[in-house]
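Hi,

Here is the structure I promised to pass on to you. Have a look at it first, and then read on for what turned up in it.

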Amino acid sequence: MKRREFVMGAAAWALLPEAQASDEAMRTAIRAWAGRNPEVGLLKIEIAELVENGNAVPVRVVASEPVAALALFTPQNPEPEVLHASFGAAVARPEFSTRMRLARSQRIFAVAKAADGRCWQAGVDVIVTLAACVEP
């Protein structure tokens, strides 16, 4: 790597916005994705309430009715948006499963968006004993 490439890369890195872990950053991300503040609704989040290691936490989100999209958000991770999934009209029971990293104990949120513009959310408190995503 040449010195010029390194300097240009470092300058570009410095201009990137810093990830902020906060409830407000998560609410902003949810509003940006959903287009509004979601109401409390029928979503099922399957995740262990006590997690020993936050490096790979399995989670499953299931909607009780057809929706156009589902998303997963965490307020205490450096980036609040974990996953967005879109579904076609033929999917009767939209759901997804994934593994995510959790920086610390927190309340995670799933948000559903219907084709007609309605949106709702559900949350689950998760206790993490060994954190992941920790920034120095």
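Eight salt bridges came out of a search through the whole structure, which is a predicted model. As background, side chains that carry opposite charges can pair when their charged atoms come close. I will take you through some of the pairs.

One of them joins Glu-24 and Arg-31, whose closest N and O atoms are 3.2 Å apart. How open to the surface are the two partners? Glu-24 is partly exposed, at a relative accessible area of 39%, and Arg-31 is partly exposed as well, at 32%.

Another salt bridge brings together the side chains of Asp-116 and Arg-118, with 3.0 Å from N to O. Here Asp-116 counts as exposed, as its relative accessibility is 56%, whereas Arg-118, at 39%, counts as partly exposed.

The pair I would look at next is Lys-44 with Glu-46, where the side chains meet in a salt bridge of 3.3 Å, N to O. Lys-44 has a relative accessible area of 44%, which makes this residue partly exposed. Glu-46 falls into the partly exposed class too, at 29% relative accessibility. This pair does not stand alone: a network of salt bridges links Lys-44, Glu-46, Arg-60 and Glu-95.

Where do Lys-44 and Glu-46 sit in their strand? Both are on the uncovered face of strand E2 (residues 43–46), while Leu-43 and Ile-45 make up the covered face. Strand E2 pairs with strand E4 (residues 57–63) in the antiparallel sense, over four bridges. If you want a place to start when you trace that pairing, Leu-43 has Ala-63 in E4 as its bridge partner.

Now to the aromatic side chains. How many aromatic pairs does a search of the whole structure find? There is one. Trp-33 and Phe-73 form this pair in an edge-to-face arrangement, with 6.3 Å from centre to centre and 65° between the planes. Trp-33 belongs to helix H2 (residues 23–34) and Phe-73 to strand E5 (residues 69–73), so the pair ties together parts of the chain that are 40 residues apart in sequence.

Are the two rings' residues buried or exposed? Trp-33 counts as buried, with a relative accessibility of 13%, and Phe-73 is buried with a relative accessible area of 0%. Trp-33 has a further neighbour to look for: the charged end of Lys-113 sits over the Trp-33 ring, 4.5 Å from the ring centre.

Finally, a few words on the chain as a whole. It contains two helices and nine strands. Read from the N terminus, the order of the elements is α-α-β-β-β-β-β-β-β-β-β. The chain has 136 residues, and 37% of them count as buried. Among contacts with a separation of 6 or more, 69% come from residues 24 or more positions apart. The accessible surface of the chain comes to about 8,400 Å², and carbon and sulfur atoms account for 55% of that area.

If you open the model with one view in mind, try Trp-33, with Phe-73 as its edge-to-face partner and the charged end of Lys-113 over its ring. For a second view, go to the network that includes Lys-44 and Glu-46.

Best wishes

Conventions:
Residues numbered from 1 in each chain as written. Predicted model: local features only at pLDDT ≥ 70, side-chain atom pairs only at ≥ 80, totals over all residues. Heavy atoms only, no water. Phe/Tyr/Trp six-rings, centres within 6.5 Å; stacked < 30°, edge-to-face > 60°. Buried < 20%, exposed > 50% of the residue type's maximum accessible area, 1.4 Å probe, protein only. Lys NZ or Arg CZ within 6 Å of the ring centre and 35° of its normal. Salt bridge = Lys/Arg side-chain N within 4 Å of Asp/Glu carboxyl O. Pairing = 2+ DSSP bridges. Contact = heavy atoms within 4.5 Å. Areas by Shrake-Rupley, 256 points an atom, 1.4 Å probe, with all protein chains shown as cover.
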